[in-house]
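User: Please take one helix of this model and look at it closely, explaining what surrounds it and what comes after it. I am in my first year, so careful, full sentences would help me.

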Amino acid sequence: MRSFAEDTIVAPATVPGAGAISIIRISGPDALALTGKVVTLKHGRCEDAAPYTLHFGTVLQPDGSPLDDVLVSIFRAPHSYTGEDAAEISCHASSYIVSQLLSLLVGAGARLAEAGEFTKRAYFNGKMDLAQAESVADIIAAEDAAAHRIAFQQMRGGFSRELKEMRDQLLEMTALMELELDFSEEDVEFADRSRLTQLLDRVVDHVQTLASSYRLGNAIKNGIPVTIAGAANTGKSTLLNALLGEERALVSDIAGTTRDTIEETLRIGSSRFRFIDTAGIRQTDETVEKMGIARTIQKVGEAHIVLGVVDASLDEEALKQQIRDLVNITHFDQQMLVILYNKWDKLSGNKNVTLFNNFVLSLNNKIVTFPISAKSKDGLAALQNWLELYEKDKIASSEQHTMVTNLRHYEALVQARTSLLRVRSGLTSSCPTDLVAEDLRAAIRALQSILGASTPDVESTLGLIFSRFCIGK
Ligand SMILES: Nc1nc2c(ncn2[C@@H]2O[C@H](COP(=O)(O)OP(=O)(O)O)[C@@H](O)[C@H]2O)c(=O)[nH]1
Ligand SMILES: [Mg+2]
């Protein structure tokens, strides 16, 4: 296989800092020769070394003095990460040794790699598709079991396989339709419409399932969004600070102190949450505060969980109004509302939770409630436990499926779905075949854009079809 790159690149594969060893990676047509110029092996030469072998050697400085004793791993195209000839030099993790070694390799003719260049080469040499290449960054960034599982599955090509399977089915449909166009005078129908519709429905379902996995997939990758909402002065910022254990948001009893949203990530148990403190929801004529409130509504829309903070020390009517306002801004089909009766410490035993709950449950029986005091932190442990369990359940329910975590992929899937739905209505309304075929091709392009590279063309698909299909009969 001819590599797409002409030059040989080098970069440290490990981060500088504490550690026992550092690894320097060299890849490109001259990787082994350049390594050989810098490292003198105890036995043999790098250029002659067999692939997947490990060699002891010494790096000498220009004045002949030794820099370090190292181990060199040898890879040969196409069986390496990049698909090129490559070597990895393991040296002692001294920043001095690493920088000297790099400059020796550059002096010998290598070029310092740009960010992501090794993976880029792997992609261009066909070692992985675009979705897999993107997952490399995700797997490195994954901080918990769920994020790791999704990224690893994508890197192994699970998601790509599903995409290719759908793409190939659509390609076959397109090929059959184009065949019809070629034979249009004879009025043959190669593509049985009801069979096509069935097949199409399955693909649409699959695309839809993948697209809707993005909401949870993205949350697993970036932290589950939890919006803290409620009227001004109910204690939202106090709650955020209490959850974080630090004074992150400004707390004051002047209403409207928090005008923009504040976001902080926090790990509870094995899940990562993204807590978003918002401006209070209330009527105001003040422009800046109005903008804050508009953003609150938007942030509430993004949340998986809405923590609705109410001031339990208010009189009954005011309290009920705060609760109704929260119920009104929650999208119960995809969000959970947790009502927090805050400032419980101010009550002198003359209110009871059951009374509040009866009212809340009369509005919506899926709402969860907790009495808390954000100020004294009473009740927060129960809330944290609930958050942890709730998301654990959700994540567990996602384990059987491929999850989409990347916005680019999600957008392409939505595009594919739009085109496929047009194909669907084209098929049932006996729309001209060439128009339907055009929408099919648009759907294929959208799916293919996730994988990168180019679509197998209709010609080769036709070849495939003809191999099991005799047109003369
Ligand atoms: N007694 C009591 N006061 C609280 C509690 N939580 C918040 N406060 C007070 O309520 C006022 C408003 O709090 P803040 O967090 O700024 O409310 P926000 O406008 O909803 O962000 C501040 O004076 C807080 O100290 C609580 O649990 N108990
Ligand atoms: Mg606030």
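Analyst: In this predicted model, helix H14 covers residues 407-428, and over its 22 residues it reaches 32 Å from its first C-alpha to its last, which is close to the 32 Å expected at 1.5 Å a residue. If you follow the helix along its sequence, you meet a series of buried residues, beginning with His409, Tyr410, Ala412 and Leu413, continuing with Ala416, Ser419 and Leu420, and ending with Val423 and Leu427. Buried is used here in the sense that 20 or more other C-beta atoms lie within 10 Å of the residue's own.

It is then worth asking what covers these buried residues of H14. The cover includes helix H4 (130-141) and helix H7 (193-212), together with helix H8 (214-222) and helix H15 (433-451). After H14 comes serine 430, whose phi is positive, near 40°.

For a second example of a covered element, you can turn to strand S10, residues 271-277, where six of the seven residues are buried. Strand S8 (residues 224-230) runs parallel to S10 and is joined to it by five bridges, with isoleucine 228 standing opposite aspartate 277. Strand S9 (residues 262-268), by contrast, runs antiparallel to S10 and is joined to it by seven bridges, and here glutamate 263 stands opposite isoleucine 276. S9 and S10 form a hairpin with two residues between them, and glycine 269 in that turn has a positive phi of about 60°.

How values were computed:
Residues numbered from 1 in each chain as written. Chains lettered and ligands numbered in written order. Predicted model: local features only at pLDDT ≥ 70, side-chain atom pairs only at ≥ 80, totals over all residues. Helix = DSSP H or I, 4+ residues; strand = E, 2+ residues; numbered from the N terminus. Expected span 1.5 Å × (residues − 1). Buried ≥ 20, exposed ≤ 12 C-beta atoms within 10 Å, placed from the backbone. Contact = placed C-beta atoms within 7 Å. Pairing = 2+ DSSP bridges.
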